[in-house]
Amino acid sequence: MKKSTYEKRARIANDVMNYIYKYIETNINIDELSLELDISKFHLHRIFKEEFGKNIYESIKSIRLEKAANLLITNKYSTITDIAKMTGYGSQTSFLRAFKERFLMTPKMWKNGGYKEYSNKIVEKISTNNETIDFSKIEQTIVKMPEIKGYYIRHKGYDRSIKK
């Protein structure tokens, strides 16, 4: 792949992620996104899938649910309906269904400490002998890993949103 093509694809991938994070609380319309980026919807989907390994809709859903999980823990006074709206869900029912499918518990259970149980299950899967993992005795080693692509979102311009 030519350097200019690679740079253009990286810029598109970065712009897409920037757009998603910026408008995550709204109904993200892929037609509008492709118009804003001045590329065809088909090309947008293809580049996104090749760069991130999943389609745009899966990524939007994943980002929304991760944001919701964090908001449920950090926004103690927000209702589940408020958080559903803050993360772009049109109805509380669709939010509840998606959240339960992803985290295997309701948002209310998550908010009331279920996130600790969820985290502990992940740690248990990592543990080879189901004992409590003592992270203080871990020694660092350098290992060669297969190449993976990484992306970041660059903030463009300075407006009121820079405070966030």
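A residue counts as buried when its relative accessible area is under 20%. Keep that cut-off in mind. In this protein of 164 residues, 30% count as buried.

One caution before we go on. This is a predicted model. The average pLDDT for the protein is 84, and 85% of the residues score at least 70. Where pLDDT is low, the predicted coordinates should not be read in detail.

Now the overall layout. How many helices and how many strands does the protein have? The secondary structure comes to 7 helices and 0 strands. Along the sequence, that reads α-α-α-α-α-α-α. Confidence varies between these elements. Helix H6, residues 92-103, has the highest mean pLDDT, at 95. Helix H7, residues 107-126, has the lowest, at 85.

What about contacts along the chain? Take the contacts with a separation of 6 or more. Residues 24 or more positions apart account for 53% of them.

Let's look at one pair of helices. Two packed helices are described by the angle between their axes and the distance between the axes. Here, H3 covers residues 41-52 and H4 covers residues 56-74. Their axes come within 9 Å and cross at roughly 65°. Which residues meet there? From H3 we have Leu 44, His 45 and Phe 48. From H4 we have Ile 56, Tyr 57 and Ser 59. By type, the contact of H3 with H4 divides into 4 nonpolar residues, 2 polar and no charged.

Between these two helices there is a loop, and Asn 55 is found in it. Is Asn 55 buried, exposed or partly exposed? Its relative accessible area is 27%, so Asn 55 is partly exposed. Set aside its neighbours within four places in sequence, and Asn 55 is in contact with Phe 48 and Lys 49. Phe 48 is also one of the H3 residues that meet H4. As for Leu 44, it sits 11 residues from Asn 55 in sequence. In space the two are 10.0 Å apart, C-alpha to C-alpha.

Next, the aromatic residues. The structure holds 10 aromatic pairs. Take Tyr 19 and Tyr 23. Their ring centres are 4.8 Å apart and their planes are at 50°, so this pair is tilted. Tyr 19 has 9% relative accessibility, so it counts as buried. Tyr 23 has 29%, so it counts as partly exposed. A second pair is Trp 110 with Tyr 115. Those ring centres are 6.2 Å apart with planes at 55°, so that pair is tilted too. Trp 110 counts as buried, because its relative accessibility is 5%.

Trp 110 and Tyr 115 also belong to one aromatic cluster. The other members are Tyr 89, Phe 95, Phe 99, Phe 103 and Tyr 118. There is a charged neighbour as well. Arg 102 lies over the face of Phe 103, at 4.5 Å from the ring centre.

Let's stay with one cluster member, Phe 95. Where is it? Phe 95 lies in helix H6. Its relative accessible area is 0%, so Phe 95 is buried. What is Phe 95 in contact with, leaving aside its neighbours within four places in sequence? The list is Leu 65, Ala 68, Ile 80, Ile 83, Ala 84, Thr 87, Tyr 89 and Pro 107. Tyr 89 on that list is a fellow member of the aromatic cluster. Here is one distance to try on the structure. Phe 95 and Arg 64 are 31 residues apart in sequence, and 9.5 Å apart in space, C-alpha to C-alpha.

Last topic: backbone angles in two loops. Asp 38 is not a glycine, yet it has a positive phi of about 60°. You will find Asp 38 in the loop between H2, residues 30-37, and H3. At 69% relative accessibility, above the 50% cut-off, Asp 38 counts as exposed. Leu 104 also has a positive phi of about 60°, and it is not a glycine either. Leu 104 lies in the loop between H6 and H7. Its relative accessibility is 70%, so Leu 104 counts as exposed.

To recap: 7 helices and 0 strands, 10 aromatic pairs, and a Phe 95 that is buried at 0%. Thanks for listening.

Conventions
Residues are numbered from 1 along each chain as its sequence is written. This is a predicted model: local features need pLDDT of at least 70, side-chain atom pairs count only at pLDDT 80 or more; totals for chains, interfaces and linings use all residues. Side-chain values use heavy atoms; hydrogens and water are left out. Rings of Phe, Tyr and Trp (its six-membered ring) pair if their centres lie within 6.5 Å; planes under 30 degrees apart count as stacked, over 60 as edge-to-face and the rest as tilted. Buried means under 20% relative accessible area, exposed over 50%, partly exposed in between (1.4 Å probe, protein chains only). A charge sits over a ring if NZ of Lys or CZ of Arg is within 6 Å of the ring centre and within 35 degrees of the ring normal. Axes are lines fitted to C-alpha atoms, for helices over the stretch in contact, and angles run from 0 to 180 degrees between N-to-C directions. Helices (H or I, at least four residues) and strands (E, at least two) are DSSP runs, numbered from the N terminus. Contact means heavy atoms within 4.5 Å. Ala, Val, Leu, Ile, Met, Phe, Trp, Tyr, Cys and Pro count as nonpolar, Asp, Glu, Lys and Arg as charged, and the others, Gly among them, as polar. pLDDT is the predictor's confidence in each residue, from 0 to 100.
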